[in-house]
Amino acid sequence: MRNGLRTPRRSALTVLGIGAALATLITITGFLDTFRGTLSTAQDELLRAAPSRVSVSLDSFYPAGSPVITAVRKLPQAGDVQAGLLAPATVRSGGRSVQVAAEVLPAAPSWTPSLVSGTLTGGIVLARKAAADLHAGVGSTVLLEHQQAVWGGMRGLAYLASPGASIFGLAGAANLLTVQPASGYTTGDLQHALLGVPHVASAQSVRAATDGLRDSLGQFTGILNVAAAVSLLLALLIAFNSTSIGVDERSREHATMIAFGLPLRTVLAMTTMEAALIGTLGALAGIAGGYGLLSWMVATTIPGVMPELGVTATLTGASIIAALLLGLGTVTVAPLFTLPRLRRMDIPSTLRLVE
């Protein structure tokens, strides 16, 4: 503490420099935690019921008893088959609008969205982010605009109960099937069989969307790891520069201690403890600054790029501990680079004082 306060300006600048480098690291890891947390929440929501179901899109709107839907029901790989509707629409309220993919759920759906408030019947269910963008809540009146669909042709998700099909003029019709694999068959077997049915446009597992995003995030992580490594290297250079200057300034002090028999390892330990103290202050400043920067970027940048996602800044305890240990480890290593200089020190020459 005494050595740190002996040169307060340099100590403060060192703390700020290390804090700035670690703030970059915290922001990077915080972005990864934020997106991983968002993906995990989405995956938990999609898979909390009937996790093996397959979402089947048809190439048009068909009556519930049409040959194409009957063919799907007759597949040996298909278990429970539920018919629903999916149509693009725009929800408007008070001069604001949100484009949605409106899904009409079947009468007894195997999966329904988790509701924060309100009920699934008697209106339209919007994502919390979409409702916030519209400044709407439970009981608010909104305008749903959609194309007038006819037989044979035709963002955020919105949901309606089964009677909602009449809004689109398609009561009794379906262009979306939710299919459960039959006993003894896997999701892959079901998908392969479904793609052989005429008029089936796609057959996608509910895991596909989040798994694809998670794989893409994994590829992007490699780039961010390079930036994190550069941040740690910068912290090491700052700590080494500060330590090197401090060793030069206190060379006579170190020579005196060594001349009186103090082991070299004790002198090095004192320098390391000083670096660790400054590194701790820098790490705390970096964590606070990094989280503040992360929160600001999540609040201002992501809504402009992905307005349909409700993302909350997340920084896990594991990331904080990892950043703290990496930062402290990097800073604590810096004094080791001064060990050769201490070993080569000419004690008599260093102690000689020239007025």
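Helices are DSSP runs of at least four residues, numbered from the N terminus. In the predicted model described here, helix H4 contains both partners of a salt bridge, aspartate 133 and lysine 129, which are four residues apart, or about one turn of the helix. The closest N and O atoms of aspartate 133 and lysine 129 are 3.0 Å apart. Aspartate 133 has a relative accessibility of 30% and therefore counts as partly exposed. Lysine 129 is also assigned to the partly exposed class, with a relative accessible area of 21%; the limit below which a residue is called buried is 20%.

The structure holds four salt bridges, and two others join separate elements of secondary structure. Arginine 92 pairs with glutamate 145, with 3.0 Å between the closest N and O atoms. Arginine 92 belongs to strand E2 and glutamate 145 to strand E5, so this salt bridge ties together parts that lie 53 residues apart in sequence. The relative accessible area of arginine 92 is 36%, which makes this residue partly exposed. Glutamate 145, at 33% relative accessibility, counts as partly exposed.

A further salt bridge is formed by the side chains of arginine 341 and aspartate 248, with an N to O distance of 2.6 Å. Here the partners come from two helices, arginine 341 from H11 and aspartate 248 from H6, so the pair ties together parts 93 residues apart in sequence. Arginine 341 is partly exposed, its relative accessible area being 31%. Aspartate 248 counts as partly exposed at 45% relative accessibility.

Helix H6 (207-249) also contributes to an enclosed space within the model, the largest cavity, to whose lining helix H2 (8-47) and helix H8 (264-300) likewise each supply at least two residues. The volume of the largest cavity is about 160 Å³. Its lining comprises 17 residues, and those nearest the centre are Ser242, Thr243, Glu274, Ala275 and Ile278. H6 gives the most to this lining, with five residues. Sorted by class, the lining of the largest cavity consists of eight polar, six nonpolar and three charged residues.

The second largest pocket has a volume of about 190 Å³. It is lined by 16 residues, of which Ala83, Gly84, Pro106, Ala173 and Ala174 are the closest to its centre. Strand E2 (78-93) and strand E7 (173-181) are the elements that give two or more residues to the lining of this pocket. E2 provides the largest share, five residues. By class, eleven residues of the lining of the second largest pocket are nonpolar, four are polar and one is charged.

On the surface, Phe240, Val333, Leu336 and Phe337 make a nonpolar patch of about 350 Å². Phenylalanine 337 is located in the loop between helix H10 (317-333) and helix H11 (339-343). With a relative accessible area of 49%, phenylalanine 337 is classed as partly exposed. This value meets the requirement for patch residues, because such residues must have over 30% relative accessible area.

Positive phi values occur at two loop residues that are not glycine, alanine 50 and histidine 135. For alanine 50, phi is about 50 degrees. Alanine 50 is placed in the loop between H2 and strand E1 (54-63). The relative accessible area of alanine 50 is 16%, and the residue is therefore buried. For histidine 135, phi is near 55 degrees. Histidine 135 lies in the loop between helix H4 (128-134) and strand E5 (143-146). In contrast to the buried alanine 50, histidine 135 counts as exposed, at 58% relative accessibility.

Terms used
Residues numbered from 1 in each chain as written. Predicted model: local features only at pLDDT ≥ 70, side-chain atom pairs only at ≥ 80, totals over all residues. Heavy atoms only, no water. 1 Å grid on protein atoms, 1.4 Å probe; cavity = no way out; pocket = protein on both sides within 12 Å on 5 of 7 lines; lining within 4 Å. Points joined across faces, edges and corners; volume = space filled by probe spheres on them. Nonpolar A, V, L, I, M, F, W, Y, C, P; charged D, E, K, R; others polar. Patch = residues over 30% accessible without salt bridge, like charges linked within 9 Å, V, L, I, M, F, W, Y side chains within 5 Å. Areas by Shrake-Rupley, 256 points an atom, 1.4 Å probe, with all protein chains shown as cover. Buried < 20%, exposed > 50% of the residue type's maximum accessible area, 1.4 Å probe, protein only.
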